[in-house]
Amino acid sequence: MVLLEFSMTPLTKGESVSVYVTRSLDIVDSSGLPYQLTPMGTIIEGEWADVMAVVTACFEAMRAGLPDARLHLFSAQATRSYLEADFEPGDALVFGKESVGLPPELVERYPERVWAIPTSGRVRSLNLSNAV
């Protein structure tokens, strides 16, 4: 059994992202898993595979609503620096939760789009506001 908190919104769509949040909430609600909405995200409870299936479905729904966006996934386990990436306007930057990172299924699905942000010393994670 796991509790997973996630927040997923496109940052390039202006002030109102309610249509994207509503899509995710519909997926979470129809999953039948217990969940709680918070001001900064949604907490889902269930078995790992079930919870990750819901988060993946939310991600895919958001991605479908952004057909021109290319993904750039950021992971501490990545071997290539973000300095090698070919960023373009409208690209989607995807960060995992500080404590657990990105879902492994997502990293495995898009291996050519996984980037590292180099750090010095023994840094466990970067504050997102410092990374973008």
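There is one aromatic pair in this structure, which is a predicted model, and that pair makes a good place to start. Select Phe59 and Tyr110: their rings meet edge-to-face, with 6.5 Å from centre to centre and 65 degrees between the planes. Since the cut-off for edge-to-face is over 60 degrees, the 65 degrees of this pair earns the label.

Now colour by position along the chain. Phe59 belongs to helix α2 (residues 48–64), while Tyr110 lies in the loop between α3 (104–109) and β6 (114–115). The two are 51 residues apart, so the pair links distant parts of the chain.

Buried or exposed, what is Phe59? Switch on the surface: Phe59 counts as buried because its relative accessibility is 5%, and the cut-off is under 20%. Tyr110 is buried too, at a relative accessible area of 12%.

Next, select Arg80 and Trp115. Here you'll find the charged end of Arg80 over the Trp115 ring, 4.0 Å from the ring's centre.

Last stop: go back to α2 and bring up helix α1 (residues 18–31) alongside. Their axes come within 9 Å, crossing at roughly 150 degrees. That angle is why α1 counts as roughly antiparallel to α2; the cut-off is over 145 degrees. The crossing of α1 past α2 is right-handed.

To see what fills the contact, show side chains on both helices:

- From α1, pick Tyr20, Arg23, Ser24, Ile27, Val28 and Ser31.
- From α2, pick Val54, Ala57, Cys58, Ala61 and Met62.

Note on methods. Residues numbered from 1 in each chain as written. Predicted model: local features only at pLDDT ≥ 70, side-chain atom pairs only at ≥ 80, totals over all residues. Heavy atoms only, no water. Phe/Tyr/Trp six-rings, centres within 6.5 Å; stacked < 30°, edge-to-face > 60°. Helix = DSSP H or I, 4+ residues; strand = E, 2+ residues; numbered from the N terminus. Buried < 20%, exposed > 50% of the residue type's maximum accessible area, 1.4 Å probe, protein only. Lys NZ or Arg CZ within 6 Å of the ring centre and 35° of its normal. Axes fitted to C-alpha atoms, helices over the stretch in contact; angles between N-to-C directions. Parallel < 35°, antiparallel > 145°, perpendicular 65-115°, else oblique. Left-handed = near helix turned anticlockwise from the far one by under 90°. Contact = heavy atoms within 4.5 Å.
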